[in-house]
Amino acid sequence: MARTFLPFAAPSLGEEEITEVIETLRSGWITTGPKTQRFEAEFAEYMGCKHAVAVNSCTAALHLGLHAVGLRPGDSVITSPLTFAATAEVIHYFRAHPVFVDIDPHTLNIDPGKIRSCLEHPKQKRRFRAVIPVHIGGLPCEMEAILDTAKENGLKVVEDAAHALPARHKGKMVGTIGDITAFSFYANKNITTGEGGMATTDNDQYAETMRIMRLHGISKDAWKRYTAKGSWYYEIHEPGFKYNMTDIAAAIGIHQLKKCDDFYERRERIARMYDQGLANVDEILLPPRCPRVSEDPENGSQHAWHLYVIRLNLKRLTISRGEFIDLLKERGIGTSVHFIPLHMQPYYRKKYGYRAEDFPHARAAYERIVSLPIYPKMTDADVNDVISAVKETIFAHRRRASVPAYPRETAEVAL
Ligand SMILES: Cc1ncc(COP(=O)(O)O)c(C=O)c1O
């Protein structure tokens, strides 16, 4: 019997957000203004970083971040193929080139060893300016190794933390580690403003550049020019972009941020329920776990659980990944796939001549991954429905051949 459809993702918005938006509309100040400033200050405090620059998407934050670190036409930027369009698209905005290196098959994050071998390859001719690690699903990348390699090779680190709020790597908040970190507040993200993003940094110059460039490259605090304290006079120092956050969005963000830790607790609990409920299903590999901050404050990490990605052992099943997704849908369970690797997309295949097998771990992961629903609004009954639907679908389509099982326990990652 199909249940009422459980969407793959849904935001958790309460009366606080609604009241603050109404108050903002009534205030007469609806675009960038005091609410955006407050959201930035509170975000920086929550993060423990010096600057937080609010923008209208994570894509904008990545673009501004690459601009701030000085990406130039013809430069190259290393990133993961297993990511969303935005991560590599922004590199093209500069007429620069994304260079993919494969993922670690265990974590699904970029493999730091492969970053090093790419940079230090004897025949390497490219001019690399930056690396964009993507904390896929909210599991932090191995940042120490990435930072060391970047430093030794003169690269800046602009993190794609669209999935990673609140995440920690070895006790440190993601958002305080690389040169610049970009967050997303898109509708399905861990906190939302409908559309929105934030760039964090401890570097004054980067923050200043991003603040100016997010609003047409015009002089500091351009948004104030229509207030009693502002001045009509402004200067354009560089042609910029239209990336500023509105106060209507910030009004939502202020309250979402207050709930960020509670949202995280709920996501974590759902992940634990999935871990337990699916532990004995040999046809599934569960997502990797990292040693928790609560267990080891200095060396522990925190998975933000934006996604709960299982991998199907297709050799043990009589159905494909696509059929598995369709069968879950028939049972009223929404799922998704994160992501179709970029190097397998027509644009990248044509422009750079990439073949699917160039990044075998990204390709192999792609063929097996399914993201299960995970968001604070889900009830325990919803989670149990997903567990039952997954198990029953798997059990009904088991292949009885003797193919090796995935390891039974949830994989542990030493990050
Ligand atoms: C890994 C990753 N990076 C960047 C983005 C872009 O975020 P936004 O929609 O806020 O621009 C997304 C959006 O889903 C994402 O998943």
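**Exercise 1. In this predicted model, find the loop that holds Pro-166 and state the form of the peptide bond that leads into Pro-166.**

Solution. Begin with the strands on either side: Pro-166 is found in the loop between strand 5 (156–160) and strand 6 (168–169). Next, look at the bond that joins Leu-165 to Pro-166, which is cis, with omega near -5 degrees. As a background for this step, most peptide bonds are trans.

**Exercise 2. Locate Phe-339 and Leu-108 among the helices and strands, and describe the backbone at each of these residues.**

Solution. Take Phe-339 to start with: this residue is found in the loop between helix 10 (321–330) and helix 11 (346–352), and the peptide bond that runs from His-338 to Phe-339 is cis, with omega near 10 degrees. Then turn to Leu-108, whose place is in the loop between strand 3 (97–100) and helix 5 (112–119). Leu-108 is not a glycine, and yet its phi is positive, at about 70 degrees. For reading such a value, it helps to know that most residues other than glycine have a negative phi.

**Exercise 3. Describe the largest pocket by its volume, its lining and the helices that contribute to that lining.**

Solution. The volume comes to about 360 Å³ for the largest pocket. Its lining is made up of 24 residues, and those that lie nearest the centre are Phe-84, Ala-162, Ser-184, Tyr-186 and Lys-189. Sorted by class, the lining has 10 nonpolar, 11 polar and three charged residues. Helix 3 and helix 4 each supply at least two residues of this lining, and the largest share, three residues, comes from helix 3.

**Exercise 4. Determine where the ligand sits, which residues come nearest to the ligand, and which polar atoms approach its oxygen atoms.**

Solution. The ligand sits in the largest pocket. There are 16 residues around the ligand, of which Thr-59, Asp-160, His-163, Ser-184 and Lys-189 come nearest. In the shell around the ligand, seven residues are nonpolar, seven are polar and two are charged, and at least two residues of this shell come from each of helix 3 (58–68) and helix 4 (85–92).

The distances can now be read one at a time. From a polar backbone atom of Cys-58 to an oxygen atom of the ligand the distance is 2.9 Å, whereas an N or O atom in the side chain of His-163 is 2.8 Å from a ligand oxygen atom. For Ser-184, a polar side-chain atom lies 2.7 Å from an oxygen atom of the ligand. As a last step, consider the cover: on its own the ligand has 390 Å² of accessible area, and the protein covers 91% of this area.

Notes. Residues are numbered from 1 along each chain as its sequence is written. This is a predicted model: local features need pLDDT of at least 70, side-chain atom pairs count only at pLDDT 80 or more; totals for chains, interfaces and linings use all residues. Side-chain values use heavy atoms; hydrogens and water are left out. A residue is near a molecule or strand if one of its heavy atoms lies within 4 Å of it. A polar contact is a pair of N or O atoms within 3.5 Å; within protein, one must be able to donate a hydrogen and the other to accept it, and residues adjacent in sequence count only if both atoms are side-chain atoms. Accessible areas come from the Shrake-Rupley method with a 1.4 Å probe; for residues, only the protein chains shown count as cover. On a 1 Å grid over the protein atoms alone, a cavity is a set of points where a 1.4 Å probe fits but cannot get out, and a pocket is an open set with protein on both sides within 12 Å along at least five of seven lines; lining residues have an atom within 4 Å of a point. A molecule sits in a cavity or pocket if more than half of its atoms lie within 2 Å of its grid points. Helices (H or I, at least four residues) and strands (E, at least two) are DSSP runs, numbered from the N terminus. Ala, Val, Leu, Ile, Met, Phe, Trp, Tyr, Cys and Pro count as nonpolar, Asp, Glu, Lys and Arg as charged, and the others, Gly among them, as polar. Grid points are joined across faces, edges and corners, and a volume is the space filled by probe spheres set on the points.
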